[in-house]
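Grab a coffee and work through these exercises with the model open beside you. Each one sets a task and then walks through a solution.

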Amino acid sequence: MLQVSGHRRQSSIELLERIGVVRGNGNENEKISVPPTLYNPAFCDYVLVAKFREPLERETLKKQNEYMEELKKKNFKITKMIDEDLVFFGVTAPLEIFEKYGYLLKVSDACNWSSEQNNLSVSTRIRVVHFILNNTPIASGESLRELMKTKVFEAKFCLHEKKKQKELTKSWARWTACFQGQPITDVRNYFGEKVALYYLWLGWYTYMLIIPALIGVIVFLYGIAFFNTSPLIKEVCDSDLVMCPLCDKRCKVWLLSDTCTYAKVSLLFDNDGTVAFAMVMAVWATLFLEFWKRHRTSFVSEWKVSDWCEEEEELILEVVNNDNCKPKKFQHSYFQSGLVLICATLMILVIIGLTHALVVFRVIAAVQLAEEKSEFLSTHANSISMMLGAVFHYLIITVMTWVNRIVAMKLCEIEKTRSFAATERSFTVKMFTFQFFTYFSSLFYVAFFLGRINGYPGHYVRIASKWRLEECHPSGCLTDLFIQMAIIMVLKQTISNVFEFSGPWFEKWMKRRRTKKLRRKCNHCYHKEELQSKNGSETCDNCKLQDWMSNYRLKDVDSFSLFNEFLEMVIQFSFTTIFVAAFPLAPLLALINNVIEIRLDAIKMVNLERRLVPKKTNDIGVWINLLEAIGVLAVIANGLVIGVSSDFIPRLVYRYHYGPCANGTVTDIDCMVGYINNSLSIATVDRQEIRREFSPSQLETPNGDNVTSCSYKDYRDSEDYELKPQFWFILAVRFAFVILFEHILVICKFIAAWFVPAAPMLVKNHCLSDKLKRLKEELRSFEAQR
């Protein structure tokens, strides 16, 4: 990487290069040093595609010609080419447009520190033309977006640069580069700062996942180490306790020892190590975000966009497009805001309602499976219904993603935001909120309500007075949460990656089959391709058309294409942090997925999709606020999972207050011996409410013996079913732990955020020196004019 203005290189960038997150390019500030008109006549700033039919609809043809005439009034060069049923319009902007843009950058208040005042990059050129095309209306007032909707034009795209495309493919967009650093500055020069910052963030996030992935595996192995020595597992596996039926009608009493395997699995994710792991992850999330801010600051300083202002850039483009433009005023309506809030709340309630539908589905599925003749299905009815519920939840997520997108866009239309950037921010918050509730409503139910509102023998809570609510396993409820998270996370990552890669490839293949195959590029143009940037030599029309056609065959992209990638990763970040106490392997799965995701997105973006319009920015936008909110929510959720869902607190209370070690005199026995029996209550069969609840056939063991009592997980008196004092004591300790846990972690987060400055001192000093230097130059210029 180049040094800037004689200053020594920024330590943050050097660190990322050293650890392999990014790779130095040596061409950060590579610009077009020749006038745009001489840069490459074969290079069009933009290409519009329309259907060519004979006879073409008169109104459609009229609008096409009218739009082209509006561009010609602005001195745009239009190159028209026809290939069977398609007509291509190559659009090249005149030099004066970019001269205006460069001058306005120089005199602006915020953008005048941009590095693009004197030299213009290809990505900036494309961005300026893209703005002008979208804001050039015809006489009827229709813009390019409306003309696209009415099929006046079929497609619009900017062209890939073949040479740069090959370079990026060789250094970045290939599977063999999975464990190599990313050429972030090359990505920025080609796709713009917005895409580059996404990949920089994703690379740093992936690297930071290495530590929690290792700790998560250690916690998992810690649980395995106690398989044979844990008194809890031994007590379950050797128990002769008879448990109450888990459902009505067909479910019979069962032996606690039948669930020995389930108890072992529970211990993998519900042990003392998960508490420490949850605390580590809360601090990790803060450190990850704070160090990200430092890296972002270093790179935007290197790219000279630190002080760039989105609103001022938009005003500059407005003036370049139309000298007589008027500013789009900021507006706010309490009525519209209130309407959006009400609609968003109703949508969230609908999503939560689907969670209730999942609960009903699992309850009914458990009953139906328990009544099956298959011994395997009836024995594992609850576990299978939980897995089926997770798969059903994934299907709901798939459908609701489409619905959420439509609703979020409609709400943005009600808001009538001032600019597209404002619309994008508003859409991001709404879409993420809807997706978050879609993904996590069911998980919150499993974590905090499952097995706690189902009642007890003789007084079970039922849905529609018919179906009993689910119960947790005597070993704890955390395994149910783990099953839900594992299935959803694995399905989501695997299926989405398959479709994400195969979709663009299949679309490209289908378009290639539907369109005529052009002949191979002539040898004459092979040599000219090397000389284009030097002497302005132009390729033949056939080769131009071939290039345009190959770009047309690629998968279409829009302004929200990058949004989809960000949303996927932020949802994954939520899974990795919010319920990590229940699923310590989540960081490992996320790490494996992200190593693949980076290259998958790179290959797709460079070779399978049309070129994204380069966007300038100096931050990842509203996503950083959402990530910080997730970090806070992770502290609360993990504290509740450990304190409420996990058996950590009941075990702790038993060890020091009710177990054999409570008086401190026992030394030859494990302190957890007897915990399972202590956590169970007994229901006697001769009570009237029990006989109403269960039929005589349900109270028979597999051997045909009638039972006189059965056990269930709760702290109730066997005589009057009132809650024992132990229950209230454990409840008090649970809440005390949650409060203490959250306060300690919040303090740790604040200390970590304070300890890591958001911007390196070298960057601040560099920016200060650079501004002072430029101010002195302006002063000398002013004095010379006097």
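**Exercise 1.** Work out whether F563 is buried or exposed in this predicted model, then classify its ring pairing with F427.

*Solution.*
- Step 1: Start with the accessibility of F563, which is 3% in relative terms. Buried means under 20%, so F563 counts as buried.
- Step 2: Do the same for F427. Its relative accessibility is 1%, so F427 counts as buried too.
- Step 3: Now look at the rings. A pair of aromatic rings is described by the distance of the centres and the angle of the planes. For F427 and F563, the centres are 5.0 Å apart and the planes make an angle of 55 degrees.
- Step 4: Planes under 30 degrees apart count as stacked and over 60 as edge-to-face, with the rest called tilted. The pair of F427 and F563 is therefore tilted.
- Step 5: Place the two residues. F427 sits in helix α18 (residues 420-448) and F563 in helix α22 (residues 561-578), so their pair ties together parts that are 136 residues apart in sequence.

**Exercise 2.** Classify the pair formed by Y445 and F449, and say how covered each residue is.

*Solution.*
- Step 1: The ring centres of Y445 and F449 are 6.5 Å apart, with the planes at 15 degrees, so this pair is stacked.
- Step 2: Y445 has 10% relative accessibility and counts as buried.
- Step 3: F449 comes out at 43%, which makes F449 partly exposed.

**Exercise 3.** Zoom out: how many aromatic pairs does the structure hold, and which residues form one aromatic cluster?

*Solution.*
- Step 1: The structure holds 41 aromatic pairs.
- Step 2: One cluster brings together W172, Y198, Y199, W201, Y205, W284, F288, F427, F563, F566, F573 and W623. You'll spot F427 and F563 from the opening exercise in there.
- Step 3: There's also a charge over a ring to find. R611 lies over the face of Y190, 3.9 Å from the ring centre.

**Exercise 4.** Find the residues with the most contacts inside the largest nonpolar core, then list what F191 touches.

*Solution.*
- Step 1: The largest nonpolar core has 142 residues, and F191, W201 and F579 have the most contacts inside it.
- Step 2: Leaving out residues up to four places away in sequence, F191 touches L168, W172, M605, V606, R611, L612, P614 and K615.
- Step 3: Another core lies apart from the largest one; it has 34 residues, including F76, A93, F98 and F153.

**Exercise 5.** Describe the surroundings of N638.

*Solution.*
- Step 1: N638 belongs to helix α24 (residues 623-645).
- Step 2: With a relative accessible area of 2%, N638 is buried.
- Step 3: A polar atom of the N638 side chain lies 3.2 Å from the backbone nitrogen of A581.
- Step 4: Not counting residues up to four places away in sequence, N638 touches A278, T577, I578, F579, V580, A581 and F741.

**Exercise 6.** Locate N75 and K151, and give the phi value for each.

*Solution.*
- Step 1: N75 is in the loop between α3 (58-73) and β2 (77-83). Its phi is near 70 degrees, a positive value in a residue other than glycine.
- Step 2: N75 is partly exposed, at 49% relative accessible area.
- Step 3: K151 is in the loop between α6 (144-149) and β4 (155-157). K151 isn't a glycine either, yet its phi is positive at about 65 degrees.

Methods: Residues numbered from 1 in each chain as written. Predicted model: local features only at pLDDT ≥ 70, side-chain atom pairs only at ≥ 80, totals over all residues. Heavy atoms only, no water. Phe/Tyr/Trp six-rings, centres within 6.5 Å; stacked < 30°, edge-to-face > 60°. Helix = DSSP H or I, 4+ residues; strand = E, 2+ residues; numbered from the N terminus. Buried < 20%, exposed > 50% of the residue type's maximum accessible area, 1.4 Å probe, protein only. Lys NZ or Arg CZ within 6 Å of the ring centre and 35° of its normal. Core = buried A, V, L, I, M, F, W, Y, C linked by side-chain atoms within 4.5 Å. Contact = heavy atoms within 4.5 Å. Polar contact = N/O pair within 3.5 Å; in protein donor to acceptor, adjacent residues only side chain to side chain.
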